[in-house]
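Me: I am a first-year student, and I should like a close look at a single part of this molecule. Please describe one sheet in detail, and then place it in its wider setting.

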Amino acid sequence: MKQIIALFKEYYRKAQLILPKDYALREFAIQPFNSNTYIRHLAFSSVNELRKYILEKIPRHLYYSSARYENPGLKDMESKKWLGSDLVFDIDVDHIPDCNITEYWICPNKHVFTNEQIKDNRCPICGASLEKTSIVTDECITKGVRELVKLVDILVEDFGFTKDKIKSYFSGHRGFHVHVELNEQDSLMDSNIRREIVDYILGLGINIHQLKLTDEKIGRVKRHALLPRINDYGWRRRIAKALIEYKKDLNVEDIIVDYVSGKLQPNVSHTLNNAGVILENLIDKAKVLVDEKVTIDIHRLIRIPGSINGKTGLMVTELKSIESFKLTPKLSPFKGYAVLKPFIDLKNMSIMSMKIDLRKNTPVKIELPIAIYIHLKGLGEIMRII
Ligand SMILES: [Zn+2]
């Protein structure tokens, strides 16, 4: 681990951390190596002061608060005096159904097992308690990107935030963060208001009848369903978008697609066959799987863009173009090679878009970013850096 800590230190000597203009009003926190607890309630009045602290402590994880405080360095939350928070979102691919994450169990004595090899929470070799670790697949990250695209679309089209106020970041591990810079008034939104925003994004409490998406009888009057169109607002627009995107999977007729996408003029005779099932399906696809806890927490600590995620060795990276994002070794600040000894077979795998075929206990020369990733995941150890 010493070698990795030295690499982190070298990185932070020159690292370009992306800090908000008002960083002096933010609480900072770090998790050092070899510690499971955070050092919290830190405050810095200059970037040099922050860098000096980081080089002394070498953080495995580095955070600042989404909130601004009058006294960010005080321990007591009341005395800190809250001044408002950014709006933040977290998309964790772990929460996306059908996401293929390869799981392993590791013990402190470097014994590693797959799910099938263990019975309980104890190491079958030495009896120590096991911890879960995982490798995120590229395919899973692609699914996360899809969620991110939907989220940004909603923030722009439905909430009216301008694109320059919305920044998207790869978390360095298995997710994406979105920070929305708010004006002073909006930054004072409390948790309840933020929960309303999350509910809208998650589609909680959505009502198909209210959206006029199904035929309805009110007394003797029959009201026909009105198909959603791309130039509608709110959930009707989101459903229209999903219909166009998934027209093939859902077997939707061409004439309906033309109407929904605005190519054909409105006509009440356009109805969706099997509407109930298809609509449920579309709502499901139009939901964005954000972690609600993160958004409603006005005191949340968020990873600093430009810092390294100590679970992987990858940088928290701003996405300039969301759709083209790929998990690659370029997300690591480290270059070169290392000799790595894997603790378990890692066969026919893809890590960061690279094909991996490693045998247990057989040292191998491998790209440094991949070696660091496997080491930090507890699935192997770096013997030397070359
Ligand atoms: Zn063991």
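Reply: The following account begins with the whole chain, turns to one sheet, and ends with the nonpolar cores.

The model is a predicted one, in which local features need pLDDT of at least 70 and side-chain atom pairs count only at pLDDT 80 or more, while totals for chains, interfaces and linings use all residues. Residues are numbered from 1 along each chain as its sequence is written.

The chain has 11 helices and 22 strands; these are DSSP runs, numbered from the N terminus, with helices (H or I) of at least four residues and strands (E) of at least two. Its C-alpha trace spans about 75 × 50 × 35 Å along the principal axes. Of the 386 residues in the chain, 33% are buried. A residue is called buried if 20 or more other C-beta atoms, placed from the backbone, lie within 10 Å of its own, exposed if 12 or fewer do, and partly exposed in between.

The sheet requested is an open one of four strands, in the order β2-β1-β3-β14, with antiparallel pairing. Two strands pair if DSSP finds at least two bridges between them. At the edges stand β2 (39-42) and β14 (301-303), each of which pairs on one side only. From one strand to the next, the twist averages 30°; such angles run from 0 to 180 degrees between N-to-C directions, and the axes are lines fitted to C-alpha atoms, for helices over the stretch in contact.

The sheet may now be followed strand by strand. Strand β1 (residues 28-32) pairs with β2 over two bridges in the antiparallel sense, and I30 has I39 in β2 as its bridge partner. Strands β1 and β3 also run antiparallel, and five bridges join them; here Q31 has H61 in β3 as its bridge partner. Strand β3 (residues 59-65) is mostly covered, for seven of its seven residues are buried. Between β3 and β14 there are three bridges, again in the antiparallel sense, and Y63 is the bridge partner of R303 in β14.

For the wider setting, the division of the chain is needed. There are three domains: domain 1 (2-95 + 140-203 + 293-318), domain 2 (101-136 + 335-385) and domain 3 (216-286). Such bounds come from an automatic or database domain assignment. The C-alpha centres of domain 1 and domain 2 lie 28 Å apart. Their contact takes 11 residues from domain 1 and nine residues from domain 2, where two residues are in contact if their C-beta atoms, placed from the backbone, lie within 7 Å. On the domain 1 side, α1 (2-14) and α4 (138-157) each supply at least two residues.

The cores complete the picture. In general, nonpolar side chains in soluble globular proteins tend to be buried together. A nonpolar core is a set of buried Ala, Val, Leu, Ile, Met, Phe, Trp, Tyr and Cys residues joined through C-beta atoms within 7 Å. The largest such core has 70 residues, and L151 and A371 touch the most other members. Its largest share, eight residues, comes from α4. Domain 1 and domain 2 both give residues to this core, so it lies between them. Leaving aside neighbours within four places in sequence, L151 is in contact with F89, I91, V178, I201, V288 and V290. Apart from this core lies another, of 14 residues, among them I239, L243, L279 and L282.
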